[in-house]
Number of protein chains: 2
Amino acid sequence: MSIKKVAKLAGVSTATVSRYLNSPEQVKEKTRNKVRAAIEETGYAPNTLARNFRRGKTSLIVVVLPSIGDPFLESVMRGVWKVADELGYSILIRDTQSNSHDFDEYTDLVFSKQADGILLLASISPFGEAEARRGPSGQAHPPLVLGLESVSAELSQFPSVRVDNVAAAADGTEYLIQLGHKRIGFITGKPDSLLTHDREKGYRDAMHKAKLNVAPEWVVEGEQTIEGARRATRQLLELEQRPTAIFCANDEMALGALYEVKQAGLRVPQDISVIGFDDIRYAEIADPPLTTIAQPAEEIGERSMRRLCEAIEGKENNTAAETVPHRLVVRKSSANAPK
Amino acid sequence: MSIKKVAKLAGVSTATVSRYLNSPEQVKEKTRNKVRAAIEETGYAPNTLARNFRRGKTSLIVVVLPSIGDPFLESVMRGVWKVADELGYSILIRDTQSNSHDFDEYTDLVFSKQADGILLLASISPFGEAEARRGPSGQAHPPLVLGLESVSAELSQFPSVRVDNVAAAADGTEYLIQLGHKRIGFITGKPDSLLTHDREKGYRDAMHKAKLNVAPEWVVEGEQTIEGARRATRQLLELEQRPTAIFCANDEMALGALYEVKQAGLRVPQDISVIGFDDIRYAEIADPPLTTIAQPAEEIGERSMRRLCEAIEGKENNTAAETVPHRLVVRKSSANAPK
DNA sequence: TTGTACGCGTTATCAC
DNA sequence: GTGATAACGCGTACAA
């Protein structure tokens, strides 16, 4: 009823008002002025609900991430938002921590037109039932891009943007080995996190390549939280032959590890080296400043979002996995192995 | 076109399918079964776009916050999401850091039916033009609740949920005064943050009450970032008569301050006490663990969100300001004043 | 209890 | 360049 009101007031048809809003260059200047005046007078704002309905598009994108308030994701999201603003999308965030949704619930968001696409920045259970939905839905799968996380076989058909976590973790491990460390502990994430699996694999690969043994008790679960990492660290420190270095699958856990090592009266890095992964902003001001592996977070966000938008707009269906470079950042929490 | 398909397949009318979805009790069991079968067979998912359009409701809520990846906001958002899930809303996040929108852009989201309401967890520029829009829009203002932040006069008409920042900061300051500190520095936030203004006021009030002078150079801007706080701290340390204690308007800045004090070769808390505000999860594992003022973050999120939903659903227009309790958490970063 | 038919506000497809 | 009008898919008043 509203575009009609404006149209009547301006003495034009609704079609013209619509054109004025969406492709003003198709409207003669004189008409444009009439319409503009009418819009200003009424304070008219187009009803987005109706517009989306008509266009069959929500301009909403769901970003699925493990937990908001993750300092690393902040940088990624900055990149995501940049592209979203540029291309006119809004971002709907779902975290997998507070809510335990399964994958279908996310794909449903697209099939039921609540969102146009999904940017998956978290590990979640694989395709499951959604696979069955390929038929009815008409399209094979919803527009979906994976950022950060490694891909399970089920999801390997989708485009992705991430660092090579295996290689990066291997680099970090090799760095410790070069410092003379032989007993290196690894604090991994949750069991279902493919990402931390990959990092663990990189660690194991590097150890193996250097012909160093990995005792089973050296690899401990840290649940990707400070608390979990603190527990894990205490376990490592109680070992008869405790590690001289601890590699944490992310910085959040490394900060917890740092605390517990110092709490136990040991010095970092003289007694134990600690390194992390992600280079969050707290790494630099940790005590001692944390050696870690940096990812180009904002770039990952930007590129994955861009590819998602392309997929939505049907411009590309390039399903290639895109790898961005990582970088070892050496700070004070790592040093030569003791003795 | 889709509800029709289901209806045809089930041999009923579209109205019946619609009823099946929205008020199943109005449908006879036998019919229900037919419809259910048809829905399962087709994999039908109702078009949310059409539904929202028809209902005139988006079930979307915009949460405006200073910056995602703020560890404190994570807890607040947990509370927000809890209520959102319960009541069937989705959350659309806008941060004021990466994007600089003004207030009108947020109210427009509601007026143009992109969202049902606004939860404001950040200080932003006051009403401005939106005030003018009261007429045409029909309603006085969009559903809006303030969480965390203090309110400017323009926004005082809206419901709010927060701690008493003035009183809390006064408590923290008094605590330092009791420890014998007389020269207490304050690192404040951005000039336009009402929140940190209030905390600064609490600090000044407490100093004044204790008949202690506040030298102008003791109050420094820290921009609400680690970097800013580090700069501010260096300034304070260079003072001829440097403070024996530093009160930071939030923990993020306190972590930066902690780093710089140690960097300068001073000991915390023996030479300088440092306290923060918010009790983020990194406060406990800081070195030394940070004394701070805790807010019931999740509760703030939950209550403010609940009030917003009530406002949207027209259940209440209680515009009272709700105050939740704060709590001083004493850890190792604060001690008696030196000498 | 179920079916028919209309309208929500916008955009797109035609003619003119 | 502009206007008339038919969709878009769903909910609901009303009739049966």
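In the predicted model, 27 residues surround DNA strand D, and of these A:Thr16, A:Thr31, B:Ile3, B:Tyr44 and B:Arg54 come nearest. Of the atoms of DNA strand D that come within 4 Å of the protein, 57% belong to sugar and phosphate. Phosphate oxygens of this strand are approached by backbone as well as side-chain atoms: a backbone N or O atom of A:Lys28 lies at 2.9 Å, a polar backbone atom of B:Ile3 at 2.7 Å, and a polar side-chain atom of B:Asn22 at 3.3 Å. Two or more residues each are given to the surface near DNA strand D by helices H2 (14-22) and H4 (48-55) of chain A and by helices H1 (2-10), H2 (14-22) and H4 (48-55) of chain B, with H4(B) giving the most, namely 5 residues. By class, this surface has 11 nonpolar, 10 polar and 6 charged residues.

Around DNA strand C there are 25 residues, of which A:Tyr44, A:Arg51, A:Arg54, B:Thr16 and B:Thr31 come nearest, and sugar and phosphate account for 64% of the atoms of this strand that come within 4 Å of the protein. An N or O atom in the side chain of A:Arg51 is 2.7 Å from a phosphate oxygen of DNA strand C, while a polar side-chain atom of B:Thr16 lies 2.6 Å from a phosphate oxygen of the strand and a backbone N or O atom of B:Lys28 lies 2.9 Å from one. The elements that give two or more residues to the surface near DNA strand C are helix H1 (2-10), H2 and H4 of chain A, together with H2 and H4 of chain B; H4(A) gives the most, with 5 residues. This surface comprises 11 nonpolar, 8 polar and 6 charged residues.

Technical notes. Residues numbered from 1 in each chain as written. Chains lettered and ligands numbered in written order. Predicted model: local features only at pLDDT ≥ 70, side-chain atom pairs only at ≥ 80, totals over all residues. Heavy atoms only, no water. Near = heavy atom within 4 Å. Polar contact = N/O pair within 3.5 Å; in protein donor to acceptor, adjacent residues only side chain to side chain. Helix = DSSP H or I, 4+ residues; strand = E, 2+ residues; numbered from the N terminus. Nonpolar A, V, L, I, M, F, W, Y, C, P; charged D, E, K, R; others polar.
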